[in-house]
Amino acid sequence: MRIPAHSVCTAIRDDIVAGVHGRGSRLTEELLARRYGVSRVPVREALRTLEAEGFVVTRRHAGACVAEPTEQEAADLLETRTLLEPLGASRAARRRTEAHLKVLRGLVRLGQERARQGTFEDLRSLGGWFHETLAQAAGSPSLTALLTQLRHKIAWMYVVEVPAGPVEYWAEHGAIVDAVARGDGDRARALMTLHTERSAPAHRLRFSSDGGRPERVRKSQRPVNMPSLRH
(Lines give C-alpha, C1' and ligand atoms only; values in the text may rest on other atoms or scores of the structure.)
Protein backbone atom coordinates (compact mmCIF):
# COMPACT_ATOMS: atom_id res chain seq x y z
CA MET A 1 0.00 0.00 0.00
CA ARG A 2 1.34 3.43 -0.97
CA ILE A 3 1.91 5.75 2.02
CA PRO A 4 0.42 9.22 1.36
CA ALA A 5 2.98 11.97 0.93
CA HIS A 6 1.15 14.15 3.47
CA SER A 7 1.73 11.49 6.16
CA VAL A 8 5.44 11.43 5.35
CA CYS A 9 5.44 15.23 5.33
CA THR A 10 3.88 15.32 8.79
CA ALA A 11 6.45 12.87 10.15
CA ILE A 12 9.43 14.78 8.74
CA ARG A 13 8.01 18.13 9.87
CA ASP A 14 7.44 16.84 13.38
CA ASP A 15 11.01 15.57 13.53
CA ILE A 16 12.34 18.93 12.33
CA VAL A 17 10.30 20.74 14.98
CA ALA A 18 11.50 18.29 17.65
CA GLY A 19 15.14 18.80 16.61
CA VAL A 20 15.69 15.25 15.32
CA HIS A 21 16.84 16.83 12.05
CA GLY A 22 19.00 19.77 13.13
CA ARG A 23 19.16 23.19 11.52
CA GLY A 24 21.25 23.02 8.33
CA SER A 25 21.44 19.21 8.27
CA ARG A 26 21.06 17.35 4.99
CA LEU A 27 17.86 15.48 4.22
CA THR A 28 18.67 12.71 1.77
CA GLU A 29 15.77 10.87 0.18
CA GLU A 30 17.35 7.45 0.71
CA LEU A 31 17.94 7.89 4.45
CA LEU A 32 14.53 9.47 5.02
CA ALA A 33 12.79 6.68 3.11
CA ARG A 34 14.57 4.13 5.28
CA ARG A 35 13.78 6.00 8.50
CA TYR A 36 10.06 6.30 7.81
CA GLY A 37 9.65 2.96 6.08
CA VAL A 38 8.46 4.33 2.73
CA SER A 39 9.67 4.65 -0.83
CA ARG A 40 11.56 7.70 -2.07
CA VAL A 41 8.57 9.01 -4.05
CA PRO A 42 6.49 10.27 -1.08
CA VAL A 43 9.68 11.55 0.55
CA ARG A 44 10.45 13.62 -2.55
CA GLU A 45 6.92 15.04 -2.57
CA ALA A 46 7.09 15.77 1.17
CA LEU A 47 10.35 17.66 0.82
CA ARG A 48 8.83 19.86 -1.88
CA THR A 49 5.93 20.70 0.45
CA LEU A 50 8.25 21.39 3.38
CA GLU A 51 10.35 23.66 1.19
CA ALA A 52 7.24 25.66 0.29
CA GLU A 53 6.43 25.92 4.01
CA GLY A 54 9.92 27.18 4.84
CA PHE A 55 11.19 24.19 6.82
CA VAL A 56 13.51 22.97 4.06
CA VAL A 57 15.83 24.65 1.55
CA THR A 58 17.57 23.22 -1.51
CA ARG A 59 21.27 24.03 -1.72
CA ARG A 60 23.60 23.60 -4.66
CA HIS A 61 25.81 20.52 -4.30
CA ALA A 62 24.04 19.59 -1.04
CA GLY A 63 20.41 19.04 -2.01
CA ALA A 64 17.62 19.34 0.53
CA CYS A 65 18.63 20.68 3.95
CA VAL A 66 16.79 21.84 7.05
CA ALA A 67 16.36 25.60 6.85
CA GLU A 68 18.27 27.94 9.18
CA PRO A 69 15.93 30.85 9.88
CA THR A 70 17.35 34.09 11.22
CA GLU A 71 16.31 35.81 14.43
CA GLN A 72 14.46 38.41 12.36
CA GLU A 73 12.49 35.71 10.57
CA ALA A 74 11.61 34.20 13.94
CA ALA A 75 10.47 37.58 15.27
CA ASP A 76 8.33 38.05 12.16
CA LEU A 77 6.46 34.85 13.03
CA LEU A 78 5.30 36.26 16.36
CA GLU A 79 4.24 39.49 14.68
CA THR A 80 2.28 37.52 12.09
CA ARG A 81 0.66 35.57 14.90
CA THR A 82 -0.61 38.81 16.48
CA LEU A 83 -2.39 39.54 13.18
CA LEU A 84 -3.79 36.13 12.25
CA GLU A 85 -4.90 34.80 15.65
CA PRO A 86 -7.25 37.77 16.27
CA LEU A 87 -8.66 37.38 12.75
CA GLY A 88 -9.34 33.73 13.47
CA ALA A 89 -11.06 34.56 16.76
CA SER A 90 -13.24 37.17 15.04
CA ARG A 91 -14.34 34.72 12.35
CA ALA A 92 -14.93 31.99 14.94
CA ALA A 93 -17.44 34.29 16.65
CA ARG A 94 -19.49 34.28 13.43
CA ARG A 95 -18.95 30.73 12.23
CA ARG A 96 -18.41 28.47 15.24
CA THR A 97 -20.64 25.51 15.86
CA GLU A 98 -22.00 24.22 19.16
CA ALA A 99 -19.52 21.35 18.89
CA HIS A 100 -16.65 23.84 18.72
CA LEU A 101 -17.97 25.69 21.76
CA LYS A 102 -18.31 22.46 23.73
CA VAL A 103 -14.66 21.55 23.08
CA LEU A 104 -13.40 25.08 23.77
CA ARG A 105 -15.27 25.33 27.07
CA GLY A 106 -14.01 21.91 28.10
CA LEU A 107 -10.43 22.91 27.38
CA VAL A 108 -10.84 26.15 29.33
CA ARG A 109 -12.26 24.30 32.35
CA LEU A 110 -9.41 21.80 32.27
CA GLY A 111 -6.78 24.50 31.77
CA GLN A 112 -8.11 26.60 34.64
CA GLU A 113 -8.19 23.55 36.88
CA ARG A 114 -4.59 22.60 36.05
CA ALA A 115 -3.45 26.21 36.51
CA ARG A 116 -5.07 26.48 39.98
CA GLN A 117 -3.60 23.15 41.05
CA GLY A 118 -0.13 24.15 39.86
CA THR A 119 0.16 21.13 37.55
CA PHE A 120 1.76 22.99 34.68
CA GLU A 121 3.08 20.08 32.61
CA ASP A 122 -0.25 19.73 30.74
CA LEU A 123 -0.84 23.44 30.11
CA ARG A 124 1.28 23.70 26.97
CA SER A 125 -0.59 20.90 25.21
CA LEU A 126 -3.95 22.23 26.39
CA GLY A 127 -3.06 25.66 25.04
CA GLY A 128 -2.13 24.16 21.70
CA TRP A 129 -5.42 22.27 21.48
CA PHE A 130 -7.32 25.43 22.44
CA HIS A 131 -5.79 27.52 19.66
CA GLU A 132 -6.12 24.68 17.16
CA THR A 133 -9.82 24.27 17.94
CA LEU A 134 -10.41 28.02 17.75
CA ALA A 135 -8.73 28.10 14.33
CA GLN A 136 -10.99 25.29 13.12
CA ALA A 137 -14.01 27.19 14.46
CA ALA A 138 -13.13 30.08 12.13
CA GLY A 139 -14.66 28.05 9.30
CA SER A 140 -11.89 28.96 6.84
CA PRO A 141 -9.66 26.07 5.67
CA SER A 142 -7.04 28.45 4.26
CA LEU A 143 -6.81 30.46 7.50
CA THR A 144 -6.76 27.28 9.59
CA ALA A 145 -3.89 25.93 7.46
CA LEU A 146 -1.92 29.17 7.88
CA LEU A 147 -2.42 29.18 11.65
CA THR A 148 -1.44 25.51 11.90
CA GLN A 149 1.75 26.09 9.90
CA LEU A 150 2.49 29.16 12.02
CA ARG A 151 2.19 27.17 15.26
CA HIS A 152 4.51 24.48 13.91
CA LYS A 153 7.15 27.05 12.96
CA ILE A 154 6.91 28.89 16.29
CA ALA A 155 7.33 25.55 18.12
CA TRP A 156 10.40 24.88 15.96
CA MET A 157 12.06 28.23 16.61
CA TYR A 158 10.99 28.92 20.19
CA VAL A 159 10.82 27.32 23.59
CA VAL A 160 7.45 28.40 24.97
CA GLU A 161 7.55 28.63 28.75
CA VAL A 162 4.59 28.46 31.13
CA PRO A 163 3.29 32.03 31.55
CA ALA A 164 4.14 33.83 34.78
CA GLY A 165 0.44 34.02 35.68
CA PRO A 166 -1.13 30.79 34.37
CA VAL A 167 -4.46 31.36 36.16
CA GLU A 168 -4.86 34.78 34.51
CA TYR A 169 -3.64 33.32 31.22
CA TRP A 170 -6.46 30.77 31.20
CA ALA A 171 -8.94 33.39 32.33
CA GLU A 172 -8.09 35.20 29.09
CA HIS A 173 -8.89 32.00 27.19
CA GLY A 174 -12.23 31.86 28.96
CA ALA A 175 -13.06 35.47 28.08
CA ILE A 176 -12.26 34.80 24.42
CA VAL A 177 -14.61 31.80 24.38
CA ASP A 178 -17.36 33.88 26.01
CA ALA A 179 -17.04 36.48 23.24
CA VAL A 180 -17.07 33.77 20.58
CA ALA A 181 -20.15 32.18 22.13
CA ARG A 182 -21.99 35.54 22.07
CA GLY A 183 -21.06 36.09 18.42
CA ASP A 184 -19.15 39.27 19.36
CA GLY A 185 -16.41 39.26 16.72
CA ASP A 186 -14.99 42.67 17.64
CA ARG A 187 -14.51 41.71 21.28
CA ALA A 188 -13.10 38.30 20.39
CA ARG A 189 -10.56 40.02 18.10
CA ALA A 190 -9.59 42.59 20.74
CA LEU A 191 -9.19 39.99 23.49
CA MET A 192 -7.09 37.72 21.27
CA THR A 193 -4.86 40.65 20.31
CA LEU A 194 -4.15 41.36 23.98
CA HIS A 195 -3.65 37.66 24.66
CA THR A 196 -1.06 37.17 21.92
CA GLU A 197 0.82 40.32 22.95
CA ARG A 198 0.94 39.26 26.60
CA SER A 199 2.11 35.74 25.75
CA ALA A 200 5.04 36.95 23.61
CA PRO A 201 7.49 37.24 26.58
CA ALA A 202 7.02 33.51 27.27
CA HIS A 203 8.78 32.72 23.96
CA ARG A 204 12.53 32.13 24.06
CA LEU A 205 14.56 31.51 20.91
CA ARG A 206 16.12 28.07 20.54
CA PHE A 207 19.08 29.58 18.69
CA SER A 208 21.10 32.78 18.50
CA SER A 209 22.82 34.07 15.37
CA ASP A 210 25.79 35.40 17.37
CA GLY A 211 26.38 32.10 19.13
CA GLY A 212 25.32 33.47 22.49
CA ARG A 213 22.63 32.22 24.77
CA PRO A 214 19.14 32.55 23.27
CA GLU A 215 17.10 35.27 24.89
CA ARG A 216 13.47 35.62 25.88
CA VAL A 217 11.38 37.53 23.36
CA ARG A 218 10.60 41.05 24.51
CA LYS A 219 7.13 42.48 24.15
CA SER A 220 8.31 45.19 21.73
CA GLN A 221 8.36 43.36 18.96
CA ARG A 222 9.94 7.95 13.66
CA PRO A 223 7.04 6.31 12.28
CA VAL A 224 4.97 7.98 9.59
CA ASN A 225 1.81 7.88 11.72
CA MET A 226 3.46 9.59 14.70
CA PRO A 227 1.22 12.22 16.42
CA SER A 228 1.66 15.85 15.43
CA LEU A 229 3.49 18.15 17.84
CA ARG A 230 1.34 20.82 19.44
CA HIS A 231 2.38 23.86 21.42
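**Notes on the predicted model**

1. Let me start with two aromatic residues: F55 and W156 are both buried. Please keep in mind that this is a predicted model. The aromatic pairs come to three when ring centres must lie within 6.5 Å. F55 and W156 make up one such pair, with 5.1 Å between the centres and 35 degrees between the planes, and its geometry is tilted. What parts of the chain does the pair link? F55 is in the loop between α3 (40–53) and β1 (56–59), while W156 belongs to helix α7 (residues 141–157), so that distant parts, 101 residues apart, are linked.

2. The pair of Y169 and W170 has another geometry worth a look. The ring centres are 6.4 Å apart and the planes stand at 75 degrees, so this pair is edge-to-face. The angle qualifies because edge-to-face takes planes over 60 degrees apart. Is Y169 buried or exposed? With a relative accessibility of 16%, Y169 counts as buried, because the cut-off for buried is under 20%. W170 counts as buried too, at 1%. When you look at these two rings, include F130 in the view, since F130, Y169 and W170 form one aromatic cluster.

3. Two basic side chains sit over aromatic rings. K153 places its charged end over the ring of F55, 5.8 Å from the centre of that ring. The ring of F55 is therefore involved both with K153 and, as a tilted pair, with W156. Elsewhere, R23 lies over the face of F207, with 4.0 Å to the ring centre.

4. Now to the salt bridges, of which the structure holds twelve. As a reminder, side chains of opposite charge can pair when their charged atoms come close. E29 and R40 meet in one of these bridges, at 3.4 Å from N to O. E29 is in helix α2 (residues 29–36) and R40 in helix α3, and the pair links these distant parts of the chain, eleven residues apart. R40 is partly exposed, its relative accessible area being 44%.

5. E29 also forms a salt bridge with R44, at 3.1 Å from N to O. Why does this pair tie together parts that are 15 residues apart in sequence? The reason is that R44 lies in helix α3 and E29 in helix α2. R44 is partly exposed as well, with a relative accessible area of 35%.

6. A further salt bridge joins E172 and R198, whose closest N and O atoms are 2.9 Å apart. Because E172 lies in helix α8 (residues 166–182) and R198 in helix α9 (residues 185–199), the pair ties together parts that are 26 residues apart in sequence. E172 is buried, with a relative accessible area of 17%, whereas R198 is partly exposed at 48%. Returning to E29, salt bridges with shared partners join E29, R40 and R44 into one network.

7. I would also look at the second largest pocket, which has a volume of about 180 Å³. Which residues lie nearest its centre? Of the 14 residues that line this pocket, they are P163, A164, G165, Y169 and R198. Helices α8 and α9 each supply at least two residues of the lining. Two of the names are already familiar: Y169 from the aromatic cluster and R198 from the salt bridge with E172.

8. On the cysteines: how many disulfides does a search of the whole structure find? The search finds zero. C9 counts as buried at 4% relative accessibility, and C65 counts as buried at 2%.

9. One backbone detail deserves a glance. H61 has a positive phi of about 70 degrees although it is not a glycine. H61 is placed in the loop between β1 and β2 (63–66). At 76% relative accessibility, H61 counts as exposed, because exposed begins over 50%.

10. Finally, the overall layout. The protein chain has nine helices and four strands, and along the sequence they follow the pattern α-α-α-β-β-α-α-α-α-β-α-α-β. Of the 231 residues in the protein chain, 46% are buried.

Note on methods. Residues are numbered from 1 along each chain as its sequence is written. This is a predicted model: local features need pLDDT of at least 70, side-chain atom pairs count only at pLDDT 80 or more; totals for chains, interfaces and linings use all residues. Side-chain values use heavy atoms; hydrogens and water are left out. Rings of Phe, Tyr and Trp (its six-membered ring) pair if their centres lie within 6.5 Å; planes under 30 degrees apart count as stacked, over 60 as edge-to-face and the rest as tilted. Buried means under 20% relative accessible area, exposed over 50%, partly exposed in between (1.4 Å probe, protein chains only). A charge sits over a ring if NZ of Lys or CZ of Arg is within 6 Å of the ring centre and within 35 degrees of the ring normal. A disulfide is a pair of cysteine sulfur atoms within 2.5 Å. A salt bridge is a side-chain nitrogen of Lys or Arg within 4 Å of a carboxyl oxygen of Asp or Glu. On a 1 Å grid over the protein atoms alone, a cavity is a set of points where a 1.4 Å probe fits but cannot get out, and a pocket is an open set with protein on both sides within 12 Å along at least five of seven lines; lining residues have an atom within 4 Å of a point. Grid points are joined across faces, edges and corners, and a volume is the space filled by probe spheres set on the points.
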